[in-house]
Amino acid sequence: MNKRIAVVTATTCMLFASVMIPAVSAEGTTDIGAQNQVKAVAYSDALDKLDYKGIRVGGLSGLTWDKTADSYVAQSDNHGSDESRVWFLGKDLHNPSITRDPVTFTDVNGTPYNGNTTDNEGIAVLPDGDFAISSEGIPPAGRNQAEHPTIRIFDANGRQKGELEVPQLFDINTPKGQASHNLTLEGLSLSPTGHELVSAMEGTLKSDVYQNRSDARRFLVYRDDVTGKAGQWTLVKQVGFHTVPGLDISDIVLDSEDSLYVLQRSWNRETGNKVALSYVSGLNGAPDVSGVANLNDPKNASEFVKSRQIGELDKLPDLGASAKPGAHQANPLMDNYEGLVIANLDQLATPDASWHRGDGEYKAAISIISDDNYSATQTTRILDVEAEPFQKTAAGFDDSASGRLSQYVTALGRNDRLDYWSANGFSDGTGTAEPIAFGGLSSTAYNRKLGQYVSAMDNHGTDVARLWLLGNDLDKAAPTGSIVLTDENGTPYNGETTDDEGLGVLPNGDFLLTSEGHPNAAEGEHEQPKIRIFGIDGRQKDELPVPELFDINCRGQAVHNKSLEALTVSPSGHQIVVGNEYALKNDSPSGKDIATTARRALVYRDDVKGAKGQWKLVKQVAFKAADVNMGITEFAAIGEDGFLVLERSWDQTHGYGIKLAYAHGIAAALDVSDVASLSKSADSSFLPVTELADFGGKLTLGAQFKPNAQYTDANPLLDNFEDLVITHADDNGRLDLSLLTDNNFDPTETTRIVNVQIDRSVFVADPSNGDGQQHGATIQRPSGAGLGGSTVRLAHTGAAVTAVFMLAAVTLTSGLVLIAGRRLRISRE
């Protein structure tokens, strides 16, 4: 009897192929955290333990649509001496049945393949009706017997016509083979255009395992339209993919030339099958990993295609399904799902109103089939689910790998390679000590004496304060070690005694670090934000004077955890500029809160007449943030007279906001040290500021939300950006910077680097001749719109929150990077 269970009967219906199926209601679905984009619709056990003309229908391990036969087809897995077959299931997966005799696959001589000579898994039907079949090798091969996984081409009658190239790396028990028995070419799919064929590895290659991490898989990508080889299937590249931890790939289905769904599953005796669905995009632009020796090696973290888990099928409602006695399935709807097909692929290509979700996306109807392994405790089942295709229209986000952010700023790309160590910690590789927690990167600078970029770590409980060494190329950033920070007596600082934020490097290699004060100070307790100097060995050497006005409580006007955040050293090494994250209370109209855009920066020089070699506070300068809620997280010097400013905001509804801006005119700026309140100051008292870019727009650079992320309605690129550092400047008027995030040691946040490029025509000439003094001409403003005011701002273009980078004038000889550090703490802490 055909048992078809629907979630709920409804008046609205949705298409599955040419059939009407009751629609899933909101009450009949379970969202899997913030990442779930899959809903259970219905299932059918009509094919379970079915006999057709004396042949048992079972072991169905692949599922696809055969346009030539006008039928869905599923192939059988190996089963002893049974012949290898493909079954025709009809046009209606709502009521599947065997509609005709199966096709038996034979070799070129007409000898049938069987379960002892091939282990067929993946299936695709080519435009001319030929079958492409992936095989994991010869099933009964001994432990040391060589196996050669294959992708064979059969004609519509089942006779073999040819075979595709499979690299020797994918062989089993051969000198060059790194695959494992029964864990090879499992998934196979053809693109809608018919020109791209992709095969997926079930398990990882032995050579891709790194320190017991084995979630890397490889896709083999073939095309039949390569120049000079039209009509021939040519292997064009291998692509790296991260599976859901603990799961193996069982099948894939392409929904475009550039994207696909990946079915993954595992099994254990106690809880049965876990099944997950992931979505991959950017296949065409993904790097070719053919020459990568070990994909799981952290240095290759950027070599993977973009993907996101979109659902945990084993956590869906069971729809009233039952498991066979002895199955031990935690969710009785689950089984050994091994094949999938998009039932409404044509509708997705040319969507009609019935499929429109209302925000520029269209639902994908996916049918998944289980391989019962010819076992009495397993079920041949077709499960129908509804999933998001993630193909954005103009109304959605732009997943391009690069793109223009504004007139002056272009995003060059993103890499999340450092997030590997945030998830796993840093180990010295000896295995003799527990990994050190890595993350909370709040500021980065290049130390020429060490020949490496160095990042300050934000406070983290009782963890010792340290500087992380990241190598000499942020595109390949990886922690190589750390420097522990201590007081003058050699006692380490830790997350309960300092809150380090801004980092700079002096010409002799010494480090400058700002601290916002004592992190655990009780309410009302006097806190003193600090600017300390540390030797290259991490021991404190000195401290810069900080005006009492910047203290917290007592006679100070700063607010706990919102004080000295940003720091930069000028290219000459003679000037330091330090910025407060938020306003001082005395600068607000009420004099009691920080509700104002006014910000102060402290300017120090070591070449003051009569005190050369000593750092002297020479002035305070004022500038305005983009918004009351924008916190200043970092500066980067542009000559002696200007600086870039990173601003960041956060709220509980939308998450983060990031902006980049440029401030200049330090030499001629009014010294506001004696100004009691900036709330009454004229615009001329503030440095000119030009906003350069708002990162809260549509460009995602392919970034994705972490599981359980809180803000999935915002741009997933945005995170807690806390630092910027110049990385390169060329002779063509462009400046390169990198943005880097502080993940707050939070698994829902990402340690990320974003590279951007700035057109230096926005900067004005430096009038100071390197001595910090005004010479000759007065301040010039950048050309462009809004030049009449002291502050130029662009409109905020997205619902997401905002942070700003400000840039000052001068010709640069090095590049800049933004590091997202600590989360804005206005309302979270």
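These legends go with a set of close-up views of a predicted model.

**Figure 1. The whole protein, before we zoom in.**
Let's start with the big picture: the protein has 829 residues, and buried ones make up 60% of them. Its secondary structure consists of 2 helices and 48 strands. If you take the contacts between residues at least 6 apart in sequence, 64% of them join residues at least 24 apart. The accessible surface adds up to about 31,300 Å², and carbon and sulfur atoms account for 48% of that.

**Figure 2. Two nonpolar cores.**
The largest nonpolar core is built from 33 residues. Want to find the residues with the most contacts inside this core? Look for Val409, Leu644, Leu660, Leu692, Phe695 and Ile758. Several strands give two or more residues to the core, including β27 (409-415), β40 (631-638), β41 (642-651) and β42 (655-664). Further along the chain, β43 (689-694), β44 (721-729), β45 (734-741) and β46 (753-759) do so too. Apart from this core lies another one, with 25 residues, and Tyr279, Ile310, Ile368 and Leu383 are among them.

**Figure 3. A four-stranded open sheet.**
Here 4 strands line up in the order β32-β33-β34-β35, with antiparallel pairing, to make an open sheet. Which strands stand at the edges? They are β32 (500-505) and β35 (540-543); each has a single partner strand, so one side of each has no neighbour in the sheet. Going from one strand to the next, the twist averages 25 degrees. Now look at the middle of the order: β33 (residues 511-515) and β34 (residues 530-534) run antiparallel and are joined by 5 bridges. To pick out one bridge, find Leu512, whose partner in β34 is Ile533.

**Figure 4. A salt bridge between β34 and β35.**
Stay with the sheet and look at Lys530 and Glu543, which form a salt bridge with their closest N and O atoms 3.2 Å apart. Glu543 belongs to strand β35 and Lys530 to strand β34, so the pair ties together parts that are 13 residues apart in sequence. Are the two residues buried or partly exposed? Glu543, at 36% relative accessibility, is partly exposed, while Lys530 is buried, with a relative accessible area of 18%.

**Figure 5. Salt bridges between loops, and between a loop and a strand.**
The structure holds 30 salt bridges. Why can such pairs form? Side chains of opposite charge can pair when their charged atoms come close. In one of them, the side chains of Asp45 and Arg381 meet at 2.7 Å, N to O. Asp45 sits in the loop between β4 (38-44) and β5 (51-52), and Arg381 in the loop between β24 (364-370) and β25 (382-387), so this pair ties together parts 336 residues apart in sequence. Both Asp45 and Arg381 are buried. Another pair is Glu581 and Arg648, whose side chains meet at 2.7 Å, N to O. Glu581 is in the loop between β37 (575-580) and β38, whereas Arg648 is in strand β41, so parts 67 residues apart in sequence are tied together. Glu581 and Arg648 are buried as well. You can also look for a salt-bridge network that links Asp48, Lys49, Lys324 and Asp372.

**Figure 6. Two loop residues and what they touch.**
Pro112 is in the loop between β10 (103-104) and β11 (120-125). Its relative accessible area is 36%, so Pro112 is partly exposed. Pro112 and Glu83 are 29 residues apart along the chain, yet their C-alpha atoms are separated by 6.4 Å. Leaving aside neighbours within four places in sequence, Pro112 is in contact with Glu83, Thr104, Phe105 and Thr106. Ala611 is in another loop, between β38 (598-605) and β39 (616-624). With a relative accessible area of 9%, Ala611 is buried. Beyond neighbours within four places in sequence, Ala611 is in contact with Asp606 and Lys616.

**Figure 7. Two positive phi values.**
Most residues other than glycine have a negative phi. Asn182 is not a glycine, but its phi is positive, about 70 degrees. You'll find Asn182 in the loop between β14 (160-163) and β15 (185-190), and it is partly exposed, with a relative accessible area of 37%. Phe745 also has a positive phi, near 55 degrees. Look for Phe745 in the loop between β45 and β46.

Conventions:
Residues numbered from 1 in each chain as written. Predicted model: local features only at pLDDT ≥ 70, side-chain atom pairs only at ≥ 80, totals over all residues. Heavy atoms only, no water. Buried < 20%, exposed > 50% of the residue type's maximum accessible area, 1.4 Å probe, protein only. Contact = heavy atoms within 4.5 Å. Core = buried A, V, L, I, M, F, W, Y, C linked by side-chain atoms within 4.5 Å. Pairing = 2+ DSSP bridges. Axes fitted to C-alpha atoms, helices over the stretch in contact; angles between N-to-C directions. Salt bridge = Lys/Arg side-chain N within 4 Å of Asp/Glu carboxyl O. Areas by Shrake-Rupley, 256 points an atom, 1.4 Å probe, with all protein chains shown as cover.
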